[in-house]
Amino acid sequence: MGAIRTPRDKWIEEGLRALAAGGPEAVRVEVLAQALGVSKGGFYGYFRNRAGLLEEMLDTWERAVTEEVIERIERDGGDARERLGRLFDFVGSSETRVTSAGVELAIRDWARRDEEVARCLRRADNRRMDYLRELYGAFCPDEGDVEARCLITFSLRIGDHLIAADNGPRSRTEVLAAVRKRLLSQ
């Protein structure tokens, strides 16, 4: 009986975990193999080198935070408000190793120093904003209002977990529910 290979996606997920923990410098074949409990030889059956892994990590992340999210939200149909409601619920509760806030922040930091990563990030951000524009535009006739709602929604996704401030007499959950209600109103 032959040895079972560590699946490709496990290498990518572990790479993204390492990226979130320590930036691109932390994504090392030997360290990933040790974390996965395997030898590094299996790595080269999937990736030509470390750069190949980094490229696939970015592709996986971009697809996960754009098309996979959009497909999931669109799957159940409904009007724009219903889809936005599902999007808020899904994004707020569906962090995986690929879509975690830590990975998002690590990619944003990496993009400041690497133009290829910056292009990937810009593409992902533009796709997410375009989707929000499509949804808000279905019930907001004012283009400026649509842009404001999109920016607030996207900013909350990226920055909510970075804000350490108290929310007065309300919990963060209550405040986010109030923001959601206002964003979905006419």
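The expected span of a helix is 1.5 Å times one less than its number of residues. In this predicted model, helix 8 covers residues 143-159, and its 17 residues reach 24 Å from the first C-alpha to the last, close to the 24 Å expected. The protein as a whole has nine helices and zero strands. The points below go from the whole chain to single helices, the largest pocket and a few residues.

**Overall build**

- From the N terminus on, the order of elements is α-α-α-α-α-α-α-α-α.
- The C-alpha trace spans about 60 × 35 × 35 Å along its principal axes.
- The protein has 186 residues, and 39% of them are buried.
- Among contacts with a separation of 6 or more, 63% join residues that are 24 or more positions apart.

**Regions taken from the UniProt record**

- An unreviewed UniProt entry places "domain: HTH tetR-type" at residues 5-65. In the model this span is 64% helix and 0% strand, with its end C-alpha atoms 27 Å apart.
- The unreviewed entry also places a "DNA-binding region" at residues 28-47. Here the chain is 40% helix and 0% strand, and the end C-alpha atoms are 13 Å apart.

**Helix 8**

- The buried residues of helix 8 are Val146, Arg149, Cys150, Thr153, Phe154, Arg157, Ile158 and Gly159.
- An α-helix has 3.6 residues a turn, so residues three or four places apart point the same way.
- The cover over the buried residues of helix 8 includes helix 5 (80-93), helix 6 (101-111), helix 7 (115-137) and helix 9 (172-183).
- At the N-terminal end of helix 8, Asp142 acts as a cap: one of its side-chain oxygens lies 3.1 Å from the backbone nitrogen of Gly144.
- Glu147 also belongs to helix 8. Glu147 counts as partly exposed because its relative accessibility is 32%, and partly exposed residues fall between the 20% and 50% limits.
- Apart from neighbours within four places in sequence, Glu147 is in contact with Met129 and Arg133.
- Glu147 and Gly137 are ten residues apart in sequence, and their C-alpha atoms are 9.0 Å apart in space.

**Helix 3**

- Helix 3 has 16 residues and reaches 23 Å from its first C-alpha to its last, close to the expected 22 Å.
- Its buried residues are Gly52, Leu53, Leu54, Met57, Leu58, Thr60, Trp61, Glu62, Ala64 and Val65.
- These buried residues of helix 3 pack against helix 1, helix 2, helix 4, helix 6 and helix 7.
- At the start of helix 3, a side-chain oxygen of Asn49 comes to within 3.1 Å of the backbone nitrogen of Ala51.

**The largest pocket**

- The largest pocket holds about 950 Å³ of space. It is lined by 36 residues, and the closest to its centre are Leu87, Phe88, Val91, Gly92 and Arg157.
- At least two lining residues come from each of helix 1 (8-22), helix 3 (50-65), helix 4 (67-75), helix 5, helix 7, helix 8 and helix 9.
- Which helix gives the most to the lining of the largest pocket? Helix 5 does, with seven residues.
- Arg157 appears in two of these groups: it is one of the buried residues of helix 8, and it is among the residues closest to the centre of the largest pocket.

**Three single residues**

- Thr6 sits in the segment before helix 1. Is Thr6 buried or exposed? Thr6 counts as buried because its relative accessibility is 17%, and the limit for buried is under 20%.
- Not counting residues up to four places away in sequence, Thr6 touches Trp11, Leu36, Val38 and Tyr46.
- Gln34 is in helix 2 (residues 29-36). Gln34 counts as exposed because its relative accessible area is 65%, and exposed means over 50%.
- Gln34 and Glu116 are 82 residues apart along the chain, and 28 Å separates their C-alpha atoms.
- Arg108 lies in helix 6, and its side chain makes a polar contact of 2.7 Å with the side chain of Asp125.
- Leaving aside neighbours within four places in sequence, Arg108 is in contact with Leu121, Asp125, Arg128, Phe154 and Ile158. Of these contacts, Phe154 and Ile158 are among the buried residues of helix 8.

Methods: Residues are numbered from 1 along each chain as its sequence is written. This is a predicted model: local features need pLDDT of at least 70, side-chain atom pairs count only at pLDDT 80 or more; totals for chains, interfaces and linings use all residues. Side-chain values use heavy atoms; hydrogens and water are left out. Helices (H or I, at least four residues) and strands (E, at least two) are DSSP runs, numbered from the N terminus. Buried means under 20% relative accessible area, exposed over 50%, partly exposed in between (1.4 Å probe, protein chains only). Contact means heavy atoms within 4.5 Å. A polar contact is a pair of N or O atoms within 3.5 Å; within protein, one must be able to donate a hydrogen and the other to accept it, and residues adjacent in sequence count only if both atoms are side-chain atoms. UniProt positions are given in the numbering used here, feature names are shortened, and annotations may be inferred rather than shown by experiment. On a 1 Å grid over the protein atoms alone, a cavity is a set of points where a 1.4 Å probe fits but cannot get out, and a pocket is an open set with protein on both sides within 12 Å along at least five of seven lines; lining residues have an atom within 4 Å of a point. Grid points are joined across faces, edges and corners, and a volume is the space filled by probe spheres set on the points.
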